[in-house]
Amino acid sequence: MVTYKFSGLLQNDGWLIPAYVSVDDQGKIISISNQPITTPVDFDLNVYALPGFQNAHSHAFQYAMAGLAEIHSTTQTPDDFWSWREAMYQVALKVNPDHVESIATMLYSEMIRHGYTHVAEFHYLHHDQNGKPYDHLAEMGERLVSAAKNAGIGITLLPVFYQRGGFGKPATENQRRFISTDAQKYFTLLEKSTAVCKHYQHAQTGIAMHSLRGVEPEIVKEIALQSSSEIPFHIHISEQLSEVESSLSYLGKRPVEWMLENCNLKSHFHLVHATHLTQNEVEGIANSGAHVVLCPSTEGNLGDGIFPFIDFRNANGKWSIGTDSHIGLNPFEELRLLDYGQRLISHKRNTFYSREQGDAGMFALHAVTAGGRKAMNQNDAVFFKEGNFLDTVLISADSPLVCSSSVKNLLSTIVYSSDISQQYGTISKGKLFMNSVENESYVKVKENFQKCLNDLGLR
């Protein structure tokens, strides 16, 4: 057993101050109390503990190119999502399984350092450089699970069904590593991926369709209608305006409109980005109980557009956050980008509020914890509870604004003013990870990552 003492622990109804939390040898919570305990305190930390964040959308290999697509042509050639995608393909065509494991281990270690304790890995890099399946079909998925285990983060592996190059179009040569030609091949891959997750206690799988343009819509419909509410179903949707236009041309419907009419959306569906929506689509998603997964730093970097969050909030929509291409990795920054984008277009400041909850920080934490856990196939929205694993991000109580804050303003002070320098560390599955780039294991991971990028000729 290990016992932590925190200056405060955020519960769903407010702060527990101080807080004593004991965990068993597996990292599961045995007890939570604000009263001193008789057993020794192993870690007496001057920190405030918030629930660990869930990163609900990740393409791990893309971390290798974060920051490399910002030198723009001075010609008239547009630089947009589609030109960025071609640059991404060149990275995808280079990496081998060792590279992927090195990149993912570094990325997941950075996620832990920033306060994420679980990641949904939207994984479509399935085959070798020639587009041939590996002898072990889930080779790449196994490397991602291994990376998560080494980093100490939980993972929901989402092997992606990727079939087409666009609406009614065959896959391109640059997409050859992604492709499953039919549903049977995809489900075989999913079965093998589920098997590799058994090697890590904190790994599981879900279903993922790349998009309506990436899989024949009728197959998406068939799989969606047959999918079990016991596992999450993730899909890219309506990210780009041209995607919506192509869907209208091919299907006679907008992507989300088509999904609402054909796929019986429920709470286990997670629509990634969903940037371009009509009011009917906004209300349709919310009324169905489906979630959206918002990735503000990537959506901003790619020029996707701004999600109609205020309308979605007013319809009681459910949502989570992800870092997608990993141009940014701080969950607090994702929340602020989301909020400030809405403030800029609405000219109002109360983005994060509801009739029940006016505290912006608490509104955000309630939403992303419940929605993020649902995206991982964890249905418990209680921040901390006996029997659950202890997953928490730790904020130094000594930082100037935090130590001067009243309890009433404490959480919003953390959400709106903190940065990585104020994050003391993260506890994932009961294990403390200090926010340090100097510890031996982190240094080794970074060295392997640097060697990997040198091998790839990146940077």
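Start with the whole chain coloured by secondary structure: 15 helices and 21 strands make up the protein chain, where helices (H or I, at least four residues) and strands (E, at least two) are DSSP runs numbered from the N terminus. The radius of gyration is 22 Å, close to the 23 Å that the globule rule gives for 459 residues, so the chain is as compact as a globular protein of that length; the radius is taken over C-alpha atoms, and the rule is 2.2 Å times the number of residues to the power 0.38.

This is a predicted model, with local features needing pLDDT of at least 70 and side-chain atom pairs pLDDT 80 or more, while totals for chains, interfaces and linings use all residues. Residues are numbered from 1 along each chain as its sequence is written, and side-chain values use heavy atoms, leaving out hydrogens and water.

Next, select F6, Y108, M259, W319 and F352. These have the most contacts inside the largest nonpolar core, which has 141 residues. Such a core is a set of buried Ala, Val, Leu, Ile, Met, Phe, Trp, Tyr and Cys residues joined through side-chain atoms within 4.5 Å; buried means under 20% relative accessible area with a 1.4 Å probe, protein chains only.

Now zoom in on Y108. Beyond its neighbours within four places in sequence, Y108 is in contact (heavy atoms within 4.5 Å) with residues including S58, E121, L144 and I155.

Last stop: H268, in the loop between α7 (255–262) and β16 (269–273). H268 counts as buried because its relative accessibility is 5%. Leaving aside neighbours within four places in sequence, its contacts include S227, S228, S229 and K374.

Methods. Buried < 20%, exposed > 50% of the residue type's maximum accessible area, 1.4 Å probe, protein only.
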